[in-house]
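The following exercises invite the reader to work through selected contacts, step by step. Each task is followed by its solution.

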2 protein chains.
Amino acid sequence: MSKISDIAKEAGISVATVSRVINGTATVSPETAARVQAAIAKFNYQPNVWGRRLRQQASRMILVFVPNIRNPYYASIVTGIEETARKLGYGTTLCITNDDKTRESEFKDLLQNGHADGAIFLYIDKQNTEIPKLAKTFPIVQCCEYCQDDSVPHVSIDNFGAAKQVVNYLISTGHKTIGFVGSQNHYISSEERLNGYKSALIEAGIKVEESLIAFADVDYNFKSGIRAARELIDQVKSPTALFCISDVLALGAIRAVEESGRSVPQDISIVGFDDVEYASMFKPMLTTVSQPGYSLGKSSADMLIKKIKNEMTDSSTFLPHKFILRDSTAIFKA
Amino acid sequence: MSKISDIAKEAGISVATVSRVINGTATVSPETAARVQAAIAKFNYQPNVWGRRLRQQASRMILVFVPNIRNPYYASIVTGIEETARKLGYGTTLCITNDDKTRESEFKDLLQNGHADGAIFLYIDKQNTEIPKLAKTFPIVQCCEYCQDDSVPHVSIDNFGAAKQVVNYLISTGHKTIGFVGSQNHYISSEERLNGYKSALIEAGIKVEESLIAFADVDYNFKSGIRAARELIDQVKSPTALFCISDVLALGAIRAVEESGRSVPQDISIVGFDDVEYASMFKPMLTTVSQPGYSLGKSSADMLIKKIKNEMTDSSTFLPHKFILRDSTAIFKA
DNA sequence: ATGAAAGCGCTAACAG
DNA sequence: CTGTTAGCGCTTTCAT
């Protein structure tokens, strides 16, 4: 492992000039620069990060808070963040919290420690008050989910618009009794999707009925999707279409419909959300909304690093989603 | 951000002693230690990592090379590694390579740089020769997949034994014409599972027939699973059971069987491998083998950090798998 | 049991 | 355009 003084000696100059060449912080004569480059190449020199960071008091690390990465939806966001950050010279530390508050605060210590220069949060409850506080001291960006306090910037899709688009589509294909399967969590996305659902109905002159709205468990699990869907389709006035706020819940809904002796999409249309990999491995293939996971990650990282460098100009961003029409929806037949 | 000299001043002693208290590197009088602890608590002091690492010439970081984390199977391994490493005082940098050789070597530079003290690899081809070379210079552990050169330790399940157990089960339930759906990759796991399949047949006195063995694409994708299974079941002498080396391939096989007008498990039994989350969301729920992802990660991290500290005693480890009997297999009826 | 001081590798302020 | 030098925060001899 060569160090800067080895390069200086080899090039016959001082370490300061070598540093200048490496960092481009001052003009160096072309000949000197060339000699330095040659020496660097010869020794395959790379500056020691610890020395540099100690000196600059910057970690060039960002934290990514994620509840788990088993969910492929988080996985692509994280990939987008990691690749982008590295391109910009930042490392990434994944804070996989598994909903463990202790682990979460251990990770937050990394910010206090100077271990990291900023953080991206992927699962902030809408009522969260801790993040705005933390954001006063450290650069923070929220991705996908965000709190109502709009002092902390976020990157996400337009959940309200996406939900509205889904329900408008169902209405346009003749459905009038449309159910909604949500989740009992406190994510803004769940709320916005419910609002979008309601808004589409109202604009179409269809009354919003609480009996057509059901909620699955906080963690969107398959079984609770079955349960919630069953509540809706077992009623006398069964919906002819169901909008579910996640694909797993939609797959649960399909199961519920099939178990009730009806079929998808002939009797009941089902729409999911997320476009998980296996959404197209099921039969029928799921109509759903896909989120640009990688881009969401990329934008978040770009935004955070701008904030860290104090180059921040723009605030919250909304990225486009895609409505994906597959086989779990059909035109309504009376 | 307080520093060690602040603590020293507060406690009325030298920085050296503070350091000794923090690191337990020498005996310090109880009274002094108590004063130091009090000062640390008062200032909520945490040693600066860059100063410490610069001094100790150790990064306390490990690298985890993973092709992607969209695959939930990798996700749980990574979680196991991360949690274990952090408990032992090590950070983790995910090297998500997406099969990009450039990115891969960028990440390997992090080892040369002193950015990381060691690495865990999750997807080594069995013929790989680069890893044994790299392992001469840096602490390295392989997880799940490994190269034939046994100079580099690994942690994995017994793929041969697991495959044998699956096929023995099928044989014990009356099946005699058993097919195998593998992959054209060069992973040792694929090879071992094929060997286990063959060995079980041979021990049962059943001839191994090449016409009952088919291969899906390198990336185990769903469509190629359908294709490979179709090759086997479209034959005059169709197998009555299929052992697939991954769940996604098994789900493809189920689709192929259904599309051929037969059903699973009544006509053909199907077994997968991995126990992905959605294996039990399909109908029929998949009989499969589950790997202890989290434990595989944990053991790899433990082993690597031992190697880094030169405490390495044990070599390669095999962890127990679990055969999970669900609904995609049935007793053979002639 | 404790303190003084060197120095890990680097950058930046200052001087020329 | 370049060199000298201080010092980032910490650990670790070497003294005492």
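**Exercise 1.** Which atom of DNA strand C lies 2.3 Å from a polar side-chain atom of Arg55(A)?

*Solution.* The model is a predicted one. In it, the partner of the Arg55(A) side chain is a base oxygen of DNA strand C. Next, consider phosphate oxygens of the strand: one is 3.1 Å from a side-chain N or O atom of Ser19(A), and one lies 3.2 Å from a polar side-chain atom of Asn23(A). Finally, consider the whole contact: 68% of the DNA strand C atoms within 4 Å of the protein belong to sugar or phosphate, and the rest to bases.

**Exercise 2.** Determine how the surface near DNA strand C is composed.

*Solution.* The strand is surrounded by 25 residues, with Ile4(A), Tyr45(A), Arg55(A), Thr27(B) and Thr32(B) the closest. By class, 8 are nonpolar, 11 polar and 6 charged. Helix 2 (15-23) and helix 4 (49-56), in chain A and likewise in chain B, each contribute at least two residues.

**Exercise 3.** Classify the aromatic pair formed by Trp50(A) and Trp50(B), and describe its setting.

*Solution.* Over all chains there are 17 aromatic pairs. For Trp50(A) and Trp50(B), the centres are 5.6 Å apart and the planes differ by 15 degrees; because stacking requires planes under 30 degrees apart, this pair is stacked. The pair crosses between chains, linking helix 4 of chain A to helix 4 of chain B. Trp50(A) is buried, at 4% relative accessible area, and Trp50(B) is buried at 3%. Lastly, the charged end of Arg53(A) sits over the ring of Trp50(B), 5.3 Å from its centre, while Arg53(B) lies over the face of Trp50(A), at 5.3 Å from the ring centre.

Conventions: Residues numbered from 1 in each chain as written. Chains lettered and ligands numbered in written order. Predicted model: local features only at pLDDT ≥ 70, side-chain atom pairs only at ≥ 80, totals over all residues. Heavy atoms only, no water. Near = heavy atom within 4 Å. Polar contact = N/O pair within 3.5 Å; in protein donor to acceptor, adjacent residues only side chain to side chain. Helix = DSSP H or I, 4+ residues; strand = E, 2+ residues; numbered from the N terminus. Nonpolar A, V, L, I, M, F, W, Y, C, P; charged D, E, K, R; others polar. Phe/Tyr/Trp six-rings, centres within 6.5 Å; stacked < 30°, edge-to-face > 60°. Buried < 20%, exposed > 50% of the residue type's maximum accessible area, 1.4 Å probe, protein only. Lys NZ or Arg CZ within 6 Å of the ring centre and 35° of its normal.
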